[in-house]
Amino acid sequence: MTTLALRPYRPHDAGSTAGVYQAAIRVTAAQHYDHDQVQAWAGTEIDLARWNHNRSAAWTVVAEQDGIIVGFADLTADGELDMLFVHPQAGGRGVARQLVAAILAEARRREFRSITTHASRAARPALERLGFVVDAENLENTVHAVAVPNFDMHIDL
Ligand SMILES: CC(C)(COP(=O)(O)OP(=O)(O)OC[C@H]1O[C@@H](n2cnc3c(N)ncnc32)[C@H](O)[C@@H]1OP(=O)(O)O)[C@@H](O)C(=O)NCCC(=O)NCCS
């Protein structure tokens with residue numbers, strides 16, 4: 001029996017979290033987007049210095065199982081859940097539920113009244129289950145000039 005542990009992101013987590021990000025897009029999100037969309041979104045080689053800068057700029061939390069990072073999420077200074085990614089091999093076991101609970105707790109601590117997110121087609125059902133509601137579909141959302149439609153969602157706290 002293994003337990004999931006949540007802890008704050010640290011700079012040496014850059015490679016692991018980038019790996020979870022790319023696997024989640026290439027395997028899980030790929031069920032909802034075509035090849036070009038997945039390639040544009042997942043990227044090829046991630047610049048880890050820049051990645052670390054962005055993860056460190058937000059309040060980022062990682063989920064570890066047996067010392068291995070299986071997911072991460074973040075909360076930006078303006079109240080956006082910007083990143084929510086769970087490794088496909090750890091999917092469907094409540095990792096996102098715990099990550100989102102941590103994000104909501106931090107948002108309440110900061111006295112935010114709501115959180116917004118731009119949810120992929122892959123994340124929308126899980127986020128709805130966790131209490132977010134859809135405000136609009138973004139058919140024009142682009143990543144590196146490729147259309148990758150997603151949904152504006154929010155949750156009131
Ligand atoms: C979306 C994602 C983060 C969900 O992670 P996960 O750990 O598998 O999700 P959980 O197991 O914690 O599920 C959370 C809740 O949503 C429900 N849920 C998850 N996927 C669902 C689906 N497709 N349909 C309906 N409910 C779903 C779960 O049953 C669970 O509810 P419960 O605890 O009441 O049973 C993960 O699939 C992922 O990384 N996807 C690809 C990347 C992506 O699109 N990220 C978002 C970027 S905007």
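1. Two residues are taken to be in contact if their C-beta atoms, placed from the backbone, lie within 7 Å. With that in mind, helix H1 in this predicted model lies across strands S2, S3 and S5, and its direction is at about 85° to that of S3.

2. The sheet beneath this description is an open one of four strands, ordered S1-S2-S3-S5, and its pairing is antiparallel. Strand S1 (4–8) and S5 stand at the edges and have a single partner strand each, so one side of each is left without a neighbour in the sheet. Direction ignored, neighbouring strands of this sheet are turned by 20° against each other on average.

3. Going through the pairings of that sheet, S1 and S2 run antiparallel and are joined by five bridges, with arginine 7 standing opposite valine 62 in S2. Valine 62 also has a bridge partner in S3, namely phenylalanine 72. Strand S2 (residues 59–65) is joined to S3 by seven bridges, again in an antiparallel arrangement, and in the hairpin that these two strands form, which has two residues between the strands, aspartate 66 takes a positive phi near 50°.

4. Strand S3 deserves a separate remark, since six of the eight residues in its span, 68–75, are buried, which leaves the strand mostly covered. Towards strand S5 (residues 84–86), S3 makes three bridges, and the two run antiparallel; here glycine 71 stands opposite valine 86 in S5.

5. A second open sheet, also of four strands, has the order S4-S6-S10-S7, and its pairing is mixed. Strand S4 (80–81) and strand S7 (133–138) are at its edges, and because each has a single partner strand, one side of each is left without a neighbour in the sheet. Within it, strand S6 (residues 114–119) and strand S10 (residues 150–156) run antiparallel and are joined by six bridges, one named pair being serine 114 with aspartate 156 in S10.

6. Helix H1 (residues 14–28) packs with helix H2 (residues 35–42) at an angle of about 175°, the axes being 10 Å apart. Since an angle over 145 degrees counts as roughly antiparallel, this makes H1 roughly antiparallel to H2. The residues that meet are Gln22, Ile25 and Arg26 from H1 and Val38, Trp41 and Ala42 from H2; by class, this contact has four nonpolar residues, one polar and one charged.

7. As for the ligand, 22 residues surround it, and the closest are Ala96, Ser120, Ala123, Pro125 and Ala126. At least two residues of this shell come from each of H1, S5, helix H4 (95–109) and helix H5 (124–129). Sorted by class, the shell has 14 nonpolar, five polar and three charged residues.

8. One residue of H5 may be singled out, leucine 127. Is this residue buried or exposed? Leucine 127 has 22 C-beta neighbours inside 10 Å and therefore counts as buried, the threshold being 20 or more. Leaving aside neighbours within four places in sequence, leucine 127 is in contact with Thr117, Ala119, Phe132 and Met153. Leucine 127 and valine 100, which are 27 residues apart in sequence, are 8.7 Å apart in space from C-alpha to C-alpha.

Definitions and conventions: Residues numbered from 1 in each chain as written. Predicted model: local features only at pLDDT ≥ 70, side-chain atom pairs only at ≥ 80, totals over all residues. Buried ≥ 20, exposed ≤ 12 C-beta atoms within 10 Å, placed from the backbone. Pairing = 2+ DSSP bridges. Axes fitted to C-alpha atoms, helices over the stretch in contact; angles between N-to-C directions. Parallel < 35°, antiparallel > 145°, perpendicular 65-115°, else oblique. Nonpolar A, V, L, I, M, F, W, Y, C, P; charged D, E, K, R; others polar. Near = placed C-beta within 6 Å.
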